[in-house]
Structure formats: C-alpha cells, structure tokens
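Subject: Structure handover

Hello,

Here is the structure I promised to pass on to you. Please open it alongside this message, and then read on for what turned up.

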Amino acid sequence: MKRRVVVTGLGCVTPLGSEVETVWKRLLAGESAVDYITRFDATSFPTKIAAEVKNWDLSDIGEDPERWKNQGLHTQFAVGAGKKAVMDSGIMDASFDPLRFGVYTGSGEGQQDFNRFARMMVAGAKKGIELGQEFSTLEFIRDGLSDFNPEAELEQEPNMPSAHLAAMFNAQGPNSNCLTACAASVQAVGEAVELIRRGECDLMLSGGTHSMIHPMGVMGFNLLTALSTNNEHPQAASRPFDRLRDGFVLGEGSVMCVLEEYEHAKARNAKIYGEVAGYGSTADAFRITDTHPEGRGAISCLKMALDDAGCNLEDVDYINAHGTSTSVNDKVETLAIKQVFGERAYKIPVSSTKSMIGHMIAAAGASEMMYCLLAMRDGVVPPTINYENPDPLCDLDYVPNVCRQVKCDCCITNSFGFGGQNVSILVRKV
C-alpha cells in the first residue's frame, strides 16, 4: 500500500502579492496584476506588458537583500516562497531526520548570462568603432571575461534555487530540479510525491520559480507569436477561452509547498491543506511548440491522475485549467476535458487564474495547485476574468468574471509545456 502524501505548508511570491491569503483574496476579487513592463525598456517590443512582482525583496522574510544580490530572480523568489512555506508548515519546530527531508523544484534558467552578454556586445562594438576595425571573436570573449562575476555565472543555473533551499533548511535528502517548461513545477511536485510514497523520504519542499520578464524572454516568445500584443488594455489582455484571445501574458514568481507523509504530519498534529492523491505525466510526442490537435497527451495524463487517485469522474468538483489564452491551447484543453469527462465536463467549473496573474512559466503549475487547495479549504473557486466573447469551440463552464461558491472536495490542475509535456495533479480533502 502506497504511503499518502499531504500538503502542510504553502508560501508564495507572485505578481498579486507575497502572502498566500492576500493573493487568494485578490484572485477571488478578480484583480489583474498585468501592467506595462518596468523591468526594462520594452517600448520597441511587440509586447509591452507583463505581470511583474513589484514592491518585494528578501527583507520581507528577514533576509538581507544585499546577501542575495548576485543570485538570480528565480533564486530570490524561491528563497522567499520556500521560507514562507516552511514557516507555515511548522516543521522547523518539530523533530525530523535531515536525511529524510528533500527538495524538488521546477525552475527555469536565470537571466544573468543574458544581461552580461548584452553588455559584452555593446562593449565590443564600441571598441571596434574606436579602433576602426573588426572586433574579433577572441578579443570579444577575452575582454568579456573581465565582466563576469563567477558567483553570478553559477547562479543563473536552474538548479541553484533547490541547492540554496536545501542549505537553508538542512534538507539533506533527495535534491533535484525539473526543467520541463510550463509543466515544470507541478511535475516537480508529482515526482516529489512519488519519492515520499516510495519511502525514500518523509518531507519534501517542492514547487516552482521562474522569471522570463527580460529582453531575451520577451523577444523569444514574441518570435514564437505566443504573447498577447493587446498593449492598449493590459488588464484585459489575458483572456483564456475567450474568442478574442491573442496570446498569453508573461508572469513571474514562485510558489512552494511542504509535502509530508500523512502519518508523519498527523503525528505532529500538523495543519493539512489537502492530499496530493493523483499524478499523471505524459508526452505528446508531436511538435515542440504545438499541442497535439486531438489532445492525446492531455487526455492520457488526466486519466492517469484519476486512476492514480482511485477517483471517479463524478468525484471531481473543480478544474484549474492550464488556460493560457492562446488560440490552440485553450481549444485543445477544452477538447481533452470533454473527452475524459464526457457530459459531466459541462457540470464541472473550469477556470484559468492566468487571466489575472499571467503565465509564471516554470512556476505556473505549483501556483495553480495552491489555488486548488485553497478552493477546497474555503468552498469557493476563482473566476476566469475577461471572458466576454464566447468561443463555440470552448463551451465549458469557465466561471466567467466572478468567483463562485462550490462544494469542493476534489480538484484537478493541468499544466502543459513546450516540448509536448503534459501533467495533471489531483488534490482532495483529507
């Protein structure tokens, strides 16, 4: 019999705030965090909007921001969310074996390399102009090395957040990072759950962290034509399932949770948000940037999560959709839900919180699992804002514009990533 895994701590740093209850309250109120980009000058970009984390630094959790200045935003966000989750769990006040406490994150790359590379290019061009000659590649690299901070170079790696979190909390057990694009954090949670189920550890700090709100990130997604260009109306730009959707809006931040073996949590009388009961992970094996048009990977991972949890279709009370606000994703996700749930699909509230908080990329799935846990706790599901123009191909109940009181004992969250990665997580009340 596999061991049960529950969530006993939550922490976040998001565009809507860095306190779980504040973020939840603002989501239920339908507030949007989308605005014009301030992180860099985006006036020449097709997309000039994003959901940024603002008015936050590590002093919020009692850390000296100066100590972390060479670390990437992905690390800083993870340290903030991770410390909040551990504090919320109360685990540091309990007795635990450090070798049975691990960390599993879903993190994207940092951005320091991009910034320094840009400075090197500018410096190289200036020197070439001054000398009236070409600036050779060898000179470019040699002179550029003087601008590199070795610590900062290391810190742009995607596994650095998990390394720092392990050191902060003496988590000497399994330590890993998952890098599967938009599915990364919820896949990290699923794999962390499996480690506890197999008996390899009793506690895991897991979740995601990412920021791609920098010139290279925005430029890349613009070239893929994935981002909304509704710059005139930032807060209306992210509109999942709406007929006029034109792409997703970048978000950033981190959400972390403490996963704990049920008996271990019960023995210390821990607060329990819910049980992570089902996990499904598949690949489309199709195109790198396109979801399979028949949703075969999404359908399979939904079924896997239900089977893993031993749940019937009738048990599911709410689905937090991947719901990116792109034309293909929303259509295919709707199709997949209908293929799995049949006529019951029309009776399940489905909403996309990306309409308010943007797409946090590698951190998205963990944030959406957190909203499912809070929905179960409070019996209310968040809305999909900006849903104004029905799409005949997206015909489910998307909880338009206003939150709703719902009996909520069992929820699913979906995450689909570039490369054809599909993950579904099912959480339920204990």
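Let me start with a salt bridge: the side chains of E63 and K83 pair up at 3.5 Å, N to O. By salt bridge I mean a side-chain nitrogen of Lys or Arg within 4 Å of a carboxyl oxygen of Asp or Glu. Because E63 sits in the loop between β3 (49–50) and α2 (73–89) while K83 belongs to helix α2, the pair ties together parts that are 20 residues apart in sequence. E63 is buried, at a relative accessible area of 13%; buried stands for under 20% relative accessible area, exposed for over 50%, and partly exposed for what is in between (1.4 Å probe, protein chains only).

Before going further, please keep in mind that this is a predicted model, in which local features need pLDDT of at least 70 and side-chain atom pairs count only at pLDDT 80 or more, while totals for chains, interfaces and linings use all residues. Residues are numbered from 1 along each chain as its sequence is written, and side-chain values use heavy atoms, with hydrogens and water left out.

More on the salt bridges

The count comes to 29 salt bridges. One of them joins the side chains of D88 and K271 at 2.6 Å, N to O. This pair links distant parts of the chain, with D88 in helix α2 and K271 in the loop between α9 (262–267) and β8 (274–283), 183 residues apart. Both partners are partly exposed: D88 has a relative accessible area of 24%, and K271 has 42%.

Another salt bridge brings the side chains of D202 and R100 together at 2.8 Å, N to O. Here too the pair links distant parts of the chain: D202 is in the loop between α7 (184–197) and β6, R100 in the loop between α2 and β4 (101–107), and 102 residues separate them. D202 counts as buried at 14% relative accessibility, whereas R100 is partly exposed at 25%. There is also a network of salt bridges that links K2, E194, R197 and D308.

The chain as a whole

The chain has 13 helices and 14 strands; these are DSSP runs numbered from the N terminus (helices H or I, at least four residues; strands E, at least two). Of its 430 residues, 59% count as buried. Contacts here are heavy atoms within 4.5 Å, and among those with a separation of 6 or more, residues 24 or more positions apart account for 79%. About 16900 Å² of the chain is exposed, with carbon and sulfur atoms supplying 53% of it; accessible areas come from the Shrake-Rupley method with a 1.4 Å probe, and for residues only the protein chains shown count as cover.

Nonpolar cores

In soluble globular proteins, nonpolar side chains tend to be buried together. A nonpolar core is a set of buried Ala, Val, Leu, Ile, Met, Phe, Trp, Tyr and Cys residues joined through side-chain atoms within 4.5 Å. The largest one holds 59 residues, of which V7, L10, L259, M369 and V427 touch the most other members. Helix α13 (residues 364–378) gives the largest share of this core, 10 residues. Leaving out residues up to four places away in sequence, V7 touches ten-odd partners that you can pick out on screen, including C257, L259, I272, V276, M369 and L373. Another core, of 27 residues, lies apart from it, with A298, V316, Y398 and L426 among them.Two serines and the cysteines

Is S206 buried or exposed? S206 counts as buried, at 0% relative accessibility. S206 is found in strand β6 (residues 203–211), and a polar atom of its side chain lies 2.8 Å from the backbone oxygen of Y104. Among the residues that S206 touches, not counting those up to four places away in sequence, are Y104, A188, V255 and L259.

S18 has its place in the loop between β1 (5–13) and α1 (20–28) and counts as buried at 16% relative accessibility. The side chain of S18 makes a polar contact with the side chain of D60 at 3.3 Å. A polar contact is a pair of N or O atoms within 3.5 Å; within protein, one must be able to donate a hydrogen and the other to accept it, and residues adjacent in sequence count only if both atoms are side-chain atoms. S18 and A81 are 63 residues apart in sequence and 7.8 Å apart in space, C-alpha to C-alpha.

With a disulfide taken as a pair of cysteine sulfur atoms within 2.5 Å, the count comes to 0 disulfides. C311 is in no disulfide, and the nearest cysteine sulfur, that of C410, is 4.2 Å away. C311 counts as buried at 12% relative accessibility.

Best wishes
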